[in-house]
Every structure is written in structure tokens, then in C-alpha cells.
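Student: I have a new model open and would like to test the vocabulary against the numbers. Could you help me see how each label is earned?

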Amino acid sequence: MMDRFGPRPDLSVIRDDVRAIKAYPVPSAVGFVKLDAMENPFSLPEGLQQQLGERLGRQALNRYPMSDPRGFKERLGKLVGLPAGMQLMLGNGSDELIHLLILACAKPGATVLAPAPSFVMYEMSARFDHCKYVGVPLKENFALDTVRMLEAIEEHRPAIVFMAYPNNPTGNLFERSAIEMILRAAPGIVVLDEAYLPFAQDTWMPWLKRAPNLLVLRTLSKLGLAGIRLGYLAADVDWIEQFEKLRPPYNVSVLTLAAADLMLEHMSILDSQAASLRSERAKLLGQLQGMPGVRAFESAANFILFRVKDAATVFAGLKQRGVLIKNLAGSHALLEGCLRVTVGTAAENETFVKALRASLNVGQ
Ligand SMILES: *Cc1c(COP(=O)(O)O)cnc(C)c1O
């Protein structure tokens with residue numbers, strides 16, 4: 001046995017703020033009807049699975065991935081309506097792109113601003129990169145509070161404003177006129193995060209040519225490819241050139257690129273899955289809105305936010321019945337009593353609705 005130099009590792013080299021927090025919690029979902037993470041519940045048709053296997057098998061795993069896969073980016077750009085003169089940057093999920101954008105702007109004292117509640121990664125990344133973070137409360141109905149947003153922008157002069165369109169976790173689309181005002185007023189970058197585009201079918205992509213500070217962020221995750229980790233940023237070449245300097249050169253794996261490239265040829269499959277989820281969403285919303293003790297909010301995403309009297313009890317009751325959703329109560333003052341359910345297959349939604357009825361009867 002070799003001597004140990006001390007009884008425990010000395011963690012004082014780790015940043016104090018890092019030691020003070022807990023890792024982002026991803027609960028185990030084994031055995032549950034999993035409606036907690038905005039995943040597409042459908043698998044790929046068997047023929048396409050085979051084809052994918054063959055395509056992946058042919059990749060040169062001994063080689064690093066292409067750092068700048070121009071052909072792929074061109075095909076992707078064409079498919080997503082990238083305006084002429086704009087460019088794409090690829091990320092290991094859009095989470096990585098959020099981080100790199102903030103990193104690029106993280107001068108001492110720089111501020112990141114977003115409505116609150118919104119996607120938690122904006123704040124997490126801002127803090128990790130030593131930026132100041134300002135969350136501007138939404139209105140009671142989750143609409144953008146334009147007056148407060150403009151005041152906060154004036155006061156804090158944020159390097160980056162993030163807005164998810166539609167917003168997570170509330171599911172609503174902010175008013176376009178409010179966003180236009182923010183685009184005009186913001187002194188730095190404005191990122192519109194269109195992670196839920198397949199369910200909202202409303203985009204700011206054409207605005208890239210009009211608003212020089214606009215960046216449009218997207219991902220393949222919510223469309224049905226969360227497992228491969230591919231996000232993309234669309235922006236003016238001048239912006240992309242700067243962010244590219246911070247991108248780890250091999251951040252998108254050979255397998256991810258190959259899988260995404262094959263899927264570009266079969267987008268109609270994912271598009272029709274999204275269409276089916278949109279109609280399931282309408283059905284589920286109707287059922288939730290008809291339930292006594294439940295207040296369900298309109299959604300342009302693949303999830304629905306709803307309020308009950310006792311979120312913890314209802315959440316636990318659902319879990320006990322094998323259904324995992326997300327409890328948001330306590331995460332923000334506006335989310336008192338709120339739970340978020342991802343729209344699943346018709347069968348999953350039915351299971352959820354039954355379990356919810358049973359949990360409400362016990363809970364209140
Ligand atoms: C899910 C989500 C993302 C993260 O997407 P990945 O590409 O899987 O990292 C980004 N923004 C919003 C608003 C999201 O809800």
C-alpha cells in the first residue's frame with residue numbers, strides 16, 4: 001500500500017461558488033412514463049433504424065470529426081431557411097452554444113438578462129462565466145412585461161438578452177411587437193431561442209437580415225433527436241466568426257453528424273411526429289382545462305404548464321402511479337403550485353390524465 005498524503009482530497013482549489021452548488025438534477029426515469037423532459041415519445045420507423053445503423057457503421061470512428069462540416073451546414077441551412085449572408089454554428093446541443101455565447105461576452109461586469117421564469121441554462125451559464133444575471137419577472141399571465149424589460153435593459157445594459165420563443169417553462173409565445181421593441185433597445189446581443197419551433201411554427205429567422213444584433217438559436221432535441229446532441233446558431237457572419245474561436249474544435253461527434261445528416265433526408269418523419277404531438281397537445285389541454293382543481297395554460301410548445309392547489313402532493317401521487325413530470329413549484333414566485341407535463345403519445349397522455357385524476361382526489 002502506498003501512503004496517502006491526507007485523509008481526504010483538499011477541494012479548496014475548486015471555486016467557492018462551484019463548491020456551494022449542487023449538480024443539475026436529472027432524476028432517474030427508469031420504469032416511469034417519462035413526461036418530464038420535453039422529449040419526443042416516438043421512435044424511428046424500423047427501416048430507418050436499419051439505414052441509420054448502416055450509415056453510422058460506415059463512419060471513420062478512428063478519425064476526429066470534421067471541425068467545419070460545410071456540406072452538412074449548407075444542407076441544414078437550406079432546410080431551415082437560413083437567410084442569404086447568414087451563417088450557422090453547430091453545438092453539442094444548444095446548451096453548449098448558450099455557454100459559448102456567454103463566454104464570448106463575459107467581460108468583467110458583463111450582464112446577461114432574460115425574462116423570469118425562463119430556461120435555467122441562461123442563468124447557470126451566466127453564473128459559471130462570472131457574469132451578472134438579471135431575471136426580469138414576466139406578468140402574472142406569463143406575457144413579457146415590456147415596460148420592465150425596457151427599464152432593465154436601460155439600467156443594466158446587458159451584453160446578452162435571452163428570450164425563449166416559446167418560453168420554457170411557461171409555454172407561451174411572447175408578443176412579437178414586444179420583442180421588436182427589445183431588439184431596438186438592446187445595446188448588445190438578443191438571442192431568440194427557438195428550441196420549440198416544431199410545435200410553435202413561428203420563427204424569427206427572416207429577421208436576421210433586419211436586426212443586426214439578433215441571433216437565432218435552435219436544436220434538434222425537441223424534434224426527436226435529444227440523444228444525438230445537436231444545436232445550431234444562426235447569425236451574421238461577423239458574430240459567428242467570433243464565437244467560433246471559443247468552440248471546442250471537435251464538439252460535434254462523427255456519429256452525431258452522420259445521424260443528423262441522414263435525418264435531414266427524412267425530416268418529413270419528424271415533422272409528422274411533431275404534427276401528431278401538436279394535436280395531442282390540444283386534446284390534453286382540453287382535458288386539463290376541464291378538470292376541477294386544475295388551471296392549465298395555453299402552450300405553443302410540446303409541454304403544458306398547469307397549476308394545482310398542492311403541487312408537491314400531486315407530483316408525488318403521479319410518481320407513485322408511475323408517471324414522471326416536472327414540479328416547478330418553489331422555483332419562481334410566478335410558478336406557485338405549477339407542474340409541467342410533456343406531451344407524449346396518446347396512450348401516455350391517457351395514463352397521465354388518469355393518474356392525475358387519482359392524485360387530485362387524494363391531494364385536495
Ligand atoms: C430544451 C431547451 C434547450 C436545450 O436544448 P439542447 O439542444 O438539448 O441542449 C434550449 N433552450 C430551451 C428553451 C429549451 O427548453
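Student: Where is P117 found?

Tutor: P117 is in the loop between β3 (111-116) and α5 (120-128). Helices here are DSSP runs of H or I with at least four residues, strands are runs of E with at least two, and both are numbered from the N terminus. The model is a predicted one, where local features need pLDDT of at least 70 and side-chain atom pairs count only at pLDDT 80 or more, while totals for chains, interfaces and linings use all residues. Residues are numbered from 1 along each chain as its sequence is written, and side-chain values use heavy atoms, with hydrogens and water left out.

Student: What makes the peptide bond from A116 to P117 cis?

Tutor: Its omega is near 0°. The bond from Y165 to P166 is also cis, with omega near 0°, and P166 sits in the loop between β5 (160-164) and α7 (176-185).

Student: Happy with those. What is noted about the phi of F142?

Tutor: F142 has a positive phi of about 75° although it is not a glycine. This residue belongs to the loop between β4 (132-137) and α6 (146-156). Q201, not a glycine either, has a positive phi of about 50°, in the loop between α8 (197-200) and β7 (214-219).

Student: Which of the words buried, partly exposed or exposed fits F142, and which fits Q201?

Tutor: Let's set the values against the cut-offs: buried means under 20% relative accessible area, exposed over 50%, and partly exposed in between (1.4 Å probe, protein chains only). F142 has 2% relative accessibility, so F142 counts as buried. Q201 has 56%, so Q201 counts as exposed.

Student: Now the ligand. How many residues surround the ligand, and which are the closest?

Tutor: There are 14 residues around the ligand, the closest being D193, Y196, T219, S221 and K222. To be near the ligand, a residue needs one of its heavy atoms within 4 Å of it. Helices α4 (94-105) and α9 (221-225) each supply at least two residues of this shell.

Student: How does the shell divide by residue class?

Tutor: The shell has 5 nonpolar, 5 polar and 4 charged residues. The classes are fixed by name: Ala, Val, Leu, Ile, Met, Phe, Trp, Tyr, Cys and Pro are nonpolar, Asp, Glu, Lys and Arg are charged, and the others, Gly among them, are polar.

Student: Why is the pairing of D193 with the ligand called a polar contact?

Tutor: A polar side-chain atom of D193 lies 2.6 Å from a nitrogen atom of the ligand. A polar contact is a pair of N or O atoms within 3.5 Å; within protein, one must be able to donate a hydrogen and the other to accept it, and residues adjacent in sequence count only if both atoms are side-chain atoms. The 2.6 Å of D193 is within 3.5 Å, so the label fits. An N or O atom in the side chain of K222 lies 3.2 Å from an oxygen atom of the ligand, and a backbone N or O atom of D95 lies 3.0 Å from a ligand oxygen atom. The protein covers 93% of the 390 Å² of accessible area that the ligand has on its own (Shrake-Rupley method, 1.4 Å probe; for residues, only the protein chains shown count as cover).

Student: What makes D16 and R19 a salt bridge?

Tutor: Their side chains meet at 2.7 Å, N to O. The rule asks for a side-chain nitrogen of Lys or Arg within 4 Å of a carboxyl oxygen of Asp or Glu, so this pair qualifies. D16 and R19 both lie in helix α1, 3 residues apart, about one turn of the helix. D16, at 57% relative accessibility, is exposed, whereas R19, at 42%, is partly exposed.

Student: How many salt bridges does the rule give?

Tutor: The count comes to 15. Among them, E39 and K34 meet at 3.0 Å, N to O, and D68 pairs with R70, their closest N and O atoms being 2.9 Å apart. Salt bridges that share partners join D68, R70, K73, E244 and R247 into one network.
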